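Here are my comments for a colleague who is starting to read protein structures. Please keep the sequence and the 3D view open while going through the points below.

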Amino acid sequence: MSTPDLSRRGLLIAGGTAAATPVVVPAQAQPHAHGQAPAAPPAPHVWEFFTGDEAAMVSAAMERLIPADPESPGAIAAGVPEFIDRQLAGSYGTGSRLYRQGPFREGTAEQGYQLPFTPATLYRAALPAFAGWTRQNYGRAFQDLDQRLQDEVLRKLETGEAVFEAAPSSLFFETLLANTIEGFFSDPIHGGNRDMIGWKLVGFPGPYAGYVELVGRHNLRFDRTPRGIAQAMAEHAHHAAPMNHR
Amino acid sequence: MRAAFGIAVAIAVVGGVAAEELLGARPDPQRIASGRAVAAGSGGQGQQGACFSCHGFDGAGQQAALFPALAGQSAEYLLLQLDRYASGARRNEVMSPIAAAMTPEQRRDVSIYYATQPVRVPEPQPLGDVMLLQRGGMLSASGGADIGVQACQNCHGPAGIGIAPIYPRLAGQPAGYLAARLTAWRDGEAPAEGASHQAMAQIAKRLSDDDIKAVSLYFASVRQAAASTGTGVLR
Amino acid sequence: MTTRLPEVDVVLVGMGWTGALLAKELTDAGHRVVGLERGHPRQTVPDFQSPTMHDELRYAVRHGLMLDPATETVTFRNYQAEVALPVRQLGSFLPGNHLGGAGVHWNGQTWRFQESDFVLKSHLEQRYGRGIIQEGLTIQDWGVTYAELEPHYDRFEKICGIGGKAGNLRGQIQPGGDPFEAPRSDEFPNPPMPQPNAAALFTRAAAEVGAHPFPVPTANLSRPYRNPYGCEMQPCNACGFCERFGCEHFAKASPQVCVLPALMGKPEFELRTLCTVTRVEYDRTAKRATGVTYIDGMGREVFQPAGLVILCAFAYHNARLLLLSGIGQPYDPATGEGSVGKNYTYQTMAGVSVFMDEGTRINPYMGAGALGAAINDWNGEAFDHGGLGFVGGGYIAAYTTGGRPIEHHPVPGDTPRWGSAWKQAVKRHYNSTLSLSVHGSSMPHRGNYLDLDPTYRDSLGNPLLRMTFDFPANDRLMADFVTDKAEEIGRVIAAPRNGRVEASRRRGRYSVVPYQTTHNTGGTIMGTNPRDSVLNRYLQCWDAHNVFVMGASTFAHNPGYNPTGTVGALALWAARAIRDDYMRDPRPLVQA
């Protein structure tokens, strides 16, 4: 069994993520390492859940959670906002796998999440509160603040110091953080981890896997380019041959 | 009862172990060059036969003669096969004496050479029965519930393009070559040592003649865009 | 309007490991068996095939193979004085769903318990005196002995094709195996898996501190194998997707691979899926069950009469079903009377992370569910508890189960939780962090139990099970003691690798939020008398001789090992009693 992560918070976690601003183009459009065909430019994303402003705000927040740095791209380039948008518009957003019967009452931390929000209704309630609180306290939209102030705002959400009427700010923050990590590291078929940016960061080779002959080669340097579930299409494996129809 | 922390059984391992590299992960141009010489039959040291005469310098193999393509196959995989031919663990009338006559360095270098050759797109050719091809594609992608065989792509990658370094590329190999391998395993030839290869004996035993024909035709028909080279090579 | 079906010999509630084993054993004896499963049917091909099965988000994070809490969950509180609230999203444990149950998504770590575990109360009192057992702990003997179970352990290991190295063959200690294991009659049917770097580092360090490391017995197959049922298994390729995933290779022991191929299609057996059993119909005066009532996939209520009812659901579902059916006396923590729901136990988990230099590569994705090495030097009764102030123990293991990065991205404790520094730390430590698991026992306490919740209901309108649980002081002391040992081994590993060692100790109250294990045990325990237990030594209900209960809910306490090996052995032990004795002459097999 896995070693328990005893530090993990008991909030509405395990979710999707959202929002890339359309203006942000993946910063690393440079040719790929190793002769692989350059990734096709992502198809334009139609926001299903976020409004344009929400997408811009949430994207900016995610980019602070997993920022681009000189070595590797961040959450926006990895498509994390689009990932969360799709998650929230789908069954995760509508609260599948959530026990939703009342009565609802406050519990102990050990009893876990006890609010009626689904992930989608949580974002729906928290996003205007997040926008309004930031504008009220910092005078501008979150996405227009400089990075230092964006981090400050996020820390105030994380600690609950930013008090929202509509939903606990720390719950929103934890959900956003969990969703951002999911979007950064999940298979690209879900819309995030574009170009396998997250997997390349850590060296995870992806779902095409089988290593039993390598297990015993200790300390092996293994840096195979990762390949996602749908890579067959990306690598253009296809039938090029005419068939004889009988 | 045993006390906690008795005298240490001293197995002194101090410091990290040196990194082990996969063969061909960072191909050395000199080795590629000497591998090419081996492929040309001029590797020296009693070499018999020239690889290129059957497999080509580009490693494309020959469809009609059932000579497998080597290009884009992983160096580790190619070396394992040569070593097994040399030791007698795998037998083939043509390959066994050739591999046995090579030095370990020659086997290594020629493996690296062919692994670095880009996968070529052969001319399309008629493949015959479309229903067989369909069955082959299904076995590759999702396996056969009826025969209890898992999907080929679990190990051989999407459409059989291989998962380096252990699992060989099947895409674009001559159908006759693939069918011959499966038939040999089904008839009792031992696959290479190693758990994943052992699985092939079990799998082959469950395949009918038509299944073998189907997957062989299917993989033979798969082409990969020339632009994406080196899937089988770690760089 | 309830549909009444023709009577069958045996009805099984739940078609996971124990349901499959019982169905096979009883149909082999010619009995007509109906297996009721509330989930869907599913098979290795096509349902578990990769790469789609290797979707961490869908299966590990969103729990694609687990029981949907919207259908049924439990309510939870630490103490009786609190109001239990529903576990609204899965966390601490992940009950399975669908054909094969949790036997599909387990890791495959397959252990035997120690000889002392089955006679724990007698053993402890004899060895240390009565005072060794802390006030409030309700430790008891199980009513069965290891020697009686041994042939069934052996058979279950052969059914699963377990790979391992014997450490104690008929009393002879064997090099390379676990010297603290109970004596086994035979070697494992298959050799261990190759050992990865993490296990090798652990093995050397553990030996250095004087412990006795060995490869963990694994249900991830190390070579092609045909089991005693004639089912063929294939070798594991170490893809790193075991726990929370189905195996695409026929390489992880599961009902689908090891039993169902020999069961499905037999004329004596009928599988009915999407059937949720709501109660066992119980004739209180005759002290017999008449059958079970279930809701089928169309929402219709159906009564299936049966001569014999066997509960094979996941552990705490068995307790709930008995409570919903009014079979046995519910446990009352105030008086200690009653037995249904009593001795609910869990697993006391802790861990140690060793963050090493970048040159040390663990390659965590080259994994398998039970791939690794362990020591039992501080498990069970392998060590002297005199003066320690606790009973029980745990194993310490270095597993390499997989490197799926949403959930596996270890960073040192002082790393910020997000931002550039977090990202850098994730990159830095992903491939060079070794994790040691401390897998500790869980002793029963009079305040830890299961009953029906007065408020919350499942999707069919029936009361949810209410879980009241916190770790007893005994188990906290135990966990700290074993974690100290793990930390010491961690320091030996870390020293030459510029490493740092961080322990995740068992602190605070039990929480249902972070995943710990799905080893929920007890609640319908076996024992020596009807006052203290629900079941006799053959897993037969004291209060209804034609009701048997399988699974980890029968454990009187939870030792410091994974439960599945013992779950399988007990099921085969009970199956033999049912088949060779009970079916010939239905009656209580033990006189109360």
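**Notes on selected residues and on chain C**

1. Please begin with C:Phe250, which counts as buried because its relative accessibility is 12%, and buried here means under 20%. Bear in mind throughout that this is a predicted model. C:Phe250 sits in the loop of chain C that runs between β10 (232-233) and α8 (255-258), and, although it is not a glycine, it has a positive phi of about 60°. This deserves a remark, since most residues other than glycine have a negative phi.

2. Chain A offers another such case, for A:Asn193 is not a glycine and yet has a positive phi of about 50°. Its place is in the loop between α5 (169-185) and α6 (197-202) of chain A. Is A:Asn193 buried or exposed? With a relative accessibility of 0%, A:Asn193 counts as buried.

3. Two peptide bonds also merit a look, because most peptide bonds are trans. In chain B, the bond that joins B:Ala164 and B:Pro165 is cis, with omega at about 0°, and B:Pro165 belongs to the loop between α7 (153-156) and α8 (175-186) of that chain. In chain C, the bond from C:Val45 to C:Pro46 is cis with omega near 5°, and C:Pro46 is found in helix α2, which covers residues 44-47.

4. A:Leu157 is a good residue on which to practise reading surroundings. It is placed in helix α4 (residues 147-159) of chain A, and it counts as buried because its relative accessibility is 0%. Which residues does A:Leu157 touch, leaving aside those up to four places away in sequence? They are A:Phe130, A:Ala162, A:Phe164, A:Ser169, A:Ser170, A:Phe172 and A:Phe173. For A:Phe173, the separation from A:Leu157 is 16 residues in sequence, while the C-alpha atoms are 5.9 Å apart in space.

5. Turning to chain C as a whole, the student should find 13 helices and 23 strands. Its radius of gyration is 23 Å, close to the 25 Å that the globule rule gives for 592 residues, so chain C is as compact as a globular protein of that length. Along the principal axes, the C-alpha trace of chain C spans about 70 × 55 × 50 Å.

6. The interior and the surface of chain C can be described together. Of its 592 residues, 70% count as buried, and among the contacts in chain C with a separation of 6 or more, 75% come from residues 24 or more positions apart. Chain C exposes about 17000 Å², of which carbon and sulfur atoms supply 49%. As for charge, chain C carries 56 positive and 58 negative side chains, and the centres of these two sets lie 2 Å apart.

7. Finally, two annotated spans of chain C come from the UniProt record, in an unreviewed entry, and should be quoted as such. UniProt lists residues 234-345 of chain C as "domain: Glucose-methanol-choline oxidoreductase N-terminal"; over this span the chain is 17% helix and 28% strand, and the end C-alpha atoms are 35 Å apart. UniProt also places "domain: Glucose-methanol-choline oxidoreductase C-terminal" at residues 444-571 of chain C, a span that is 23% helix and 22% strand, with its end C-alpha atoms 22 Å apart.

Definitions and conventions
Residues are numbered from 1 along each chain as its sequence is written. Chains are lettered from A and ligands numbered from 1 in the order in which they are written. This is a predicted model: local features need pLDDT of at least 70, side-chain atom pairs count only at pLDDT 80 or more; totals for chains, interfaces and linings use all residues. Side-chain values use heavy atoms; hydrogens and water are left out. UniProt positions are given in the numbering used here, feature names are shortened, and annotations may be inferred rather than shown by experiment. Helices (H or I, at least four residues) and strands (E, at least two) are DSSP runs, numbered from the N terminus. The radius of gyration is taken over C-alpha atoms; the globule rule is 2.2 Å times the number of residues to the power 0.38. Buried means under 20% relative accessible area, exposed over 50%, partly exposed in between (1.4 Å probe, protein chains only). Contact means heavy atoms within 4.5 Å. Accessible areas come from the Shrake-Rupley method with a 1.4 Å probe; for residues, only the protein chains shown count as cover. Lys and Arg count as positive and Asp and Glu as negative; His and the chain ends are not counted. The place of a charge is taken as NZ of Lys, CZ of Arg, CG of Asp or CD of Glu.
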